[in-house]
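This report follows a set of strand pairings, then turns to aromatic contacts and to a pocket. Please keep the sequence and the model open while reading.

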Amino acid sequence: QVQLVESGGGLVQAGGSLRLSCAASGRTLSSYNMGWFRQAPGKERKFVAAISWSYSTYYADSVKGRFTISRDNAKNTLYLQMNSLKPEDTAIYYCAPTIATMPRSDFESWGQGTQITVSS
């Protein structure tokens, strides 16, 4: 089972930028499709972005054009560059192996996530 540790969150003003990282151990990420998800207070966890093993990318409509997902297989790390942040982006962000826009059903080892707070 892969272990994932998210980092890079923080407090930022609207319009600002942050770069999240997801470091993996236990398994190499190169053969996995990977994604980012977020959970706002009192809401369900939702899909944000995904990148396939062949580097195809997919985004939720709400972040398209503002967020960029990438991966560095040599570092076994997934990234999410977030620009033009909005207060509605406030959430805890998690990474996970994905199938399409869903977490893999056999993935259970969610990390602690990283908190993003965007002030208006």
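In this predicted model, strand β9 pairs with strand β10 (residues 102-103) in the antiparallel sense, and two bridges connect them. Within this pairing, I99 has M102 of β10 as its bridge partner. The hairpin that β9 and β10 form has two residues between the strands, and A100 takes a positive phi near 60° there.

Strand β9, which spans residues 91-99, has further partners to consider. With strand β11 (residues 114-119), β9 again pairs in the antiparallel sense, this time over three bridges, and I92 stands opposite Q115 of β11. β4 and β9 also run antiparallel, and six bridges join them; here R38 is the residue that stands opposite Y93 of β9. Is β9 mostly covered or mostly exposed? Seven of the nine residues of β9 are buried, so that the strand is mostly covered, where buried means under 20% relative accessible area.

**Aromatic contacts**

The structure holds four aromatic pairs, and F37 takes part in two that can be described in detail, one with F47 and one with W110. In general, a pair of aromatic rings is described by the distance of the centres and the angle of the planes. The table gives these values for the two pairs.

| Pair | Centre to centre | Angle between planes | Arrangement |
|---|---|---|---|
| F37 and F47 | 6.0 Å | 70° | edge-to-face |
| F37 and W110 | 6.0 Å | 85° | edge-to-face |

Which parts of the chain does each of these pairs connect? F37 lies in strand β4 and F47 in strand β5, so their pair ties together parts that are ten residues apart in sequence. W110, by contrast, lies in the loop between β10 and β11, so the pair that it makes with F37 of strand β4 ties together parts that are 73 residues apart in sequence.

The burial of these residues can be added to the picture. Both F37 and F47 are buried, and for F37 the relative accessible area is 3%, which places this residue under the 20% cut-off for a buried residue. W110 is partly exposed, with a relative accessible area of 25%.

The aromatic contacts extend beyond these two pairs, since F37, F47, Y94, F107 and W110 form one aromatic cluster. Two rings of this cluster also meet a charge from R45: its charged end sits over the ring of Y94, at 4.7 Å from the ring centre, and over the ring of W110, at 3.7 Å from the ring centre.

**The largest pocket**

The largest pocket of the model has a volume of about 260 Å³. Its lining is made up of 15 residues, and those closest to the centre of the pocket are R38, A40, K43, K46 and E88. One of them, R38, is also the residue that stands opposite Y93 in β9.

Which strands supply at least two residues each of the lining? These are β4 (34-39) and β5 (46-51), and the largest share, three residues, comes from β5. Sorted by class, the lining of the largest pocket contains seven nonpolar residues, five charged residues and three polar residues.

Key
Residues numbered from 1 in each chain as written. Predicted model: local features only at pLDDT ≥ 70, side-chain atom pairs only at ≥ 80, totals over all residues. Heavy atoms only, no water. 1 Å grid on protein atoms, 1.4 Å probe; cavity = no way out; pocket = protein on both sides within 12 Å on 5 of 7 lines; lining within 4 Å. Points joined across faces, edges and corners; volume = space filled by probe spheres on them. Helix = DSSP H or I, 4+ residues; strand = E, 2+ residues; numbered from the N terminus. Nonpolar A, V, L, I, M, F, W, Y, C, P; charged D, E, K, R; others polar. Buried < 20%, exposed > 50% of the residue type's maximum accessible area, 1.4 Å probe, protein only. Pairing = 2+ DSSP bridges. Phe/Tyr/Trp six-rings, centres within 6.5 Å; stacked < 30°, edge-to-face > 60°. Lys NZ or Arg CZ within 6 Å of the ring centre and 35° of its normal.
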